[in-house]
Structures are given as structure tokens and as C-alpha cells.
Amino acid sequence: MKMGLYARVSTHDQQTLTLQRDAMEAYAKQRGGSIVMMVEEVGSGVSDRVHREALMRAARRREIDAIVVWRLDRWGRSLADLIVALQELHELGVGFISLGEALDFTTPTGHAMAGLLAIFAQFERDILRERVKAGIAQARWRGGRHGRPPPVAHRVDEVRQLYAKASVNQPSRDG
């Protein structure tokens, strides 16, 4: 099994980077997997995680069979982010293993868990869609607009008049 390992520490939690790396490398060795990619990031989970995205690109290209993390909170910045990423990996056929929570989506039980997460992800998307529709309906009921602002095309004459007026009021460059 080709594995991609992902370790992340926040700036105040840097002492665990070696611990994460050692645990994941030991797991890969125990499973007889080959480590294709080892990704380490330092920074807040809220910031852009360029290296995590590189690992996801490798998964999309089928360069790895599984992603191994030390703990779920190292991978996902929020529950929604975690579920979306796990759903994508599941659809790609790429396993996901979290050592801290003993989750292994490469096993039959893990596949079942991934399926449940997919159901919750779809539920969350449906709830969000309903909220958006309700917000639009409320805005219409109140007479408010929603969506993009209208273009200024209907005010072309007014813009030209203002431009002409401003041009007339400009002092001449000739002196």
C-alpha cells in the first residue's frame, strides 16, 4: 500500500511533530506500506494548507492508496472540512487512517464509517440548501434584493452626463 503521511502542528504545539512522524512511520512499517509522501506543516489549521492540498492532488492522481494522520484534528480544520475531504477520498478510492481515533477507512468497518460520513455530508448540504432558499424567500417577502447587484448598463446616459460635466470643469493643461 502506497501511503501519504500528513503531520501538522500549530505554532504553539511544535513539540508533537516528531511524535506524529514517528507514530505514522511505525504504522506504515507495521502494515508493510511504502511511504510515498511525507507532508509536514507548521501553522494554524485556519490558514491555507498548501502541503495538505499537495497530498490531495497526489490522491487525485492515484499516486497514493491511503493517507495517514496522527489525529483527525490535524487533518480537518472543521467538521465540515473533514467530512468533505473524507468524502472526496472515499470517492477516489483512497483510504484514510487516523491513528489517534483508530479509524481505518481501508477496512470493511472503515468503509461503512465512510458511508455514514457521506450520509451526514449530504444531510449538511441539504440543510444548507434549505437555509439559502429560506433566506432568499425572506428577502423577496421583504421586498429586498438578493444575488448580484444590478449592472450599471441602465445608467449609461447618467454616467456620460457626469463624465461630460467633470470634463468641462477640469482646468486646461495648456495653462
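**Exercise 1: Ile-67 and its strand**

Task: Find out whether Ile-67 is buried or exposed, and where it sits.

Solution. Start with the accessibility of Ile-67: at 0% it counts as buried, because buried means under 20% relative accessible area. Keep in mind that this is a predicted model.

Next, place the residue. Ile-67 belongs to strand β3. In β3, Ile-67 and Val-69 point one way, while Ala-66 and Val-68 point the other way, and all are buried. That fits a general pattern: in a regular strand, side chains alternate between the two faces of the sheet.

Finally, look along the chain. Ile-67 and Lys-2 are 65 residues apart in sequence, and their C-alpha atoms are 8.8 Å apart in space.

**Exercise 2: Put the sheet together**

Task: Work out in which order the five strands form the sheet, and which strands stand at the edges.

Solution. Begin with β3 (residues 66–69) and go to its partners. On one hand, β1 runs parallel to β3, joined to it by four bridges. Here Leu-5 stands opposite Val-68. On the other hand, β3 pairs with β4 in the parallel sense, again over four bridges. Val-68 has Ile-97 as its bridge partner in β4, and Val-69 has Ser-98.

Now step from β4 to β5 (residues 103–104). These two pair in the antiparallel sense over two bridges, and Ser-98 has Leu-103 as its bridge partner in β5. The hairpin of β4 and β5 has four residues between the strands, and Ala-102 takes a positive phi near 55 degrees there.

Put the pieces in a row and you get an open sheet in the order β2-β1-β3-β4-β5, with mixed pairing. The edge strands are β2 (34–42) and β5: each has a single partner strand, so one side of each is left without a neighbour in the sheet.

One last check on β4 (residues 95–98): Gly-95 and Ile-97 point one way and Phe-96 and Ser-98 the other, and all are buried.

**Exercise 3: Read the aromatic pairs**

Task: Describe how the rings of Tyr-6 and Trp-75 are arranged, then do the job again for Phe-96 and Phe-105.

Solution. You need two values, since a pair of aromatic rings is described by the distance of the centres and the angle of the planes. The structure holds three aromatic pairs; let's take two of them.

For Tyr-6 and Trp-75, the centres are 5.1 Å apart and the planes are at 85 degrees. Planes over 60 degrees apart count as edge-to-face, so that is the name for this pair. The pair links distant parts of the chain: Tyr-6 is in strand β1 (residues 2–9) and Trp-75 in helix α3 (residues 72–75), 69 residues apart. Tyr-6 is buried at 0% relative accessibility, and Trp-75 is buried with a relative accessible area of 0%.

For Phe-96 and Phe-105, the values are 6.2 Å and 40 degrees, which makes the pair tilted. Phe-96 is buried at 1%, and Phe-105 is buried at 6%.

Step back, and the four residues Tyr-6, Trp-75, Phe-96 and Phe-105 form one aromatic cluster.

**Exercise 4: Follow Arg-52**

Task: Which ring does Arg-52 lie over, and which side chain does it meet in a salt bridge?

Solution. First, the ring: Arg-52 lies over the face of Trp-75, 4.7 Å from the ring centre. Second, the salt bridge: Arg-52 meets the side chain of Asp-81 at 3.0 Å, N to O. Asp-81 lies in helix α4 (residues 79–92) and Arg-52 in helix α2 (residues 50–60), so the pair ties together parts that are 29 residues apart in sequence. Asp-81 is buried at 19%, and Arg-52 is buried at 10%.

The structure holds 10 salt bridges. Another one joins Arg-60 and Glu-53, with the closest N and O atoms 2.7 Å apart. Arg-60 is partly exposed at 33%, and Glu-53 is partly exposed at 33%. Glu-53 and Arg-60 are linked with Glu-88 in a network of salt bridges.

**Exercise 5: Look at the surface**

Task: Which residues form a nonpolar patch on the surface?

Solution. The members are Met-113, Leu-116, Ile-119, Phe-120 and Phe-123, with about 520 Å² of accessible area together. Pick Phe-123, found in helix α5 (residues 108–141). Phe-123 is exposed, with a relative accessible area of 52%.

Note on methods. Residues numbered from 1 in each chain as written. Predicted model: local features only at pLDDT ≥ 70, side-chain atom pairs only at ≥ 80, totals over all residues. Heavy atoms only, no water. Phe/Tyr/Trp six-rings, centres within 6.5 Å; stacked < 30°, edge-to-face > 60°. Buried < 20%, exposed > 50% of the residue type's maximum accessible area, 1.4 Å probe, protein only. Lys NZ or Arg CZ within 6 Å of the ring centre and 35° of its normal. Patch = residues over 30% accessible without salt bridge, like charges linked within 9 Å, V, L, I, M, F, W, Y side chains within 5 Å. Areas by Shrake-Rupley, 256 points an atom, 1.4 Å probe, with all protein chains shown as cover. Salt bridge = Lys/Arg side-chain N within 4 Å of Asp/Glu carboxyl O. Pairing = 2+ DSSP bridges.
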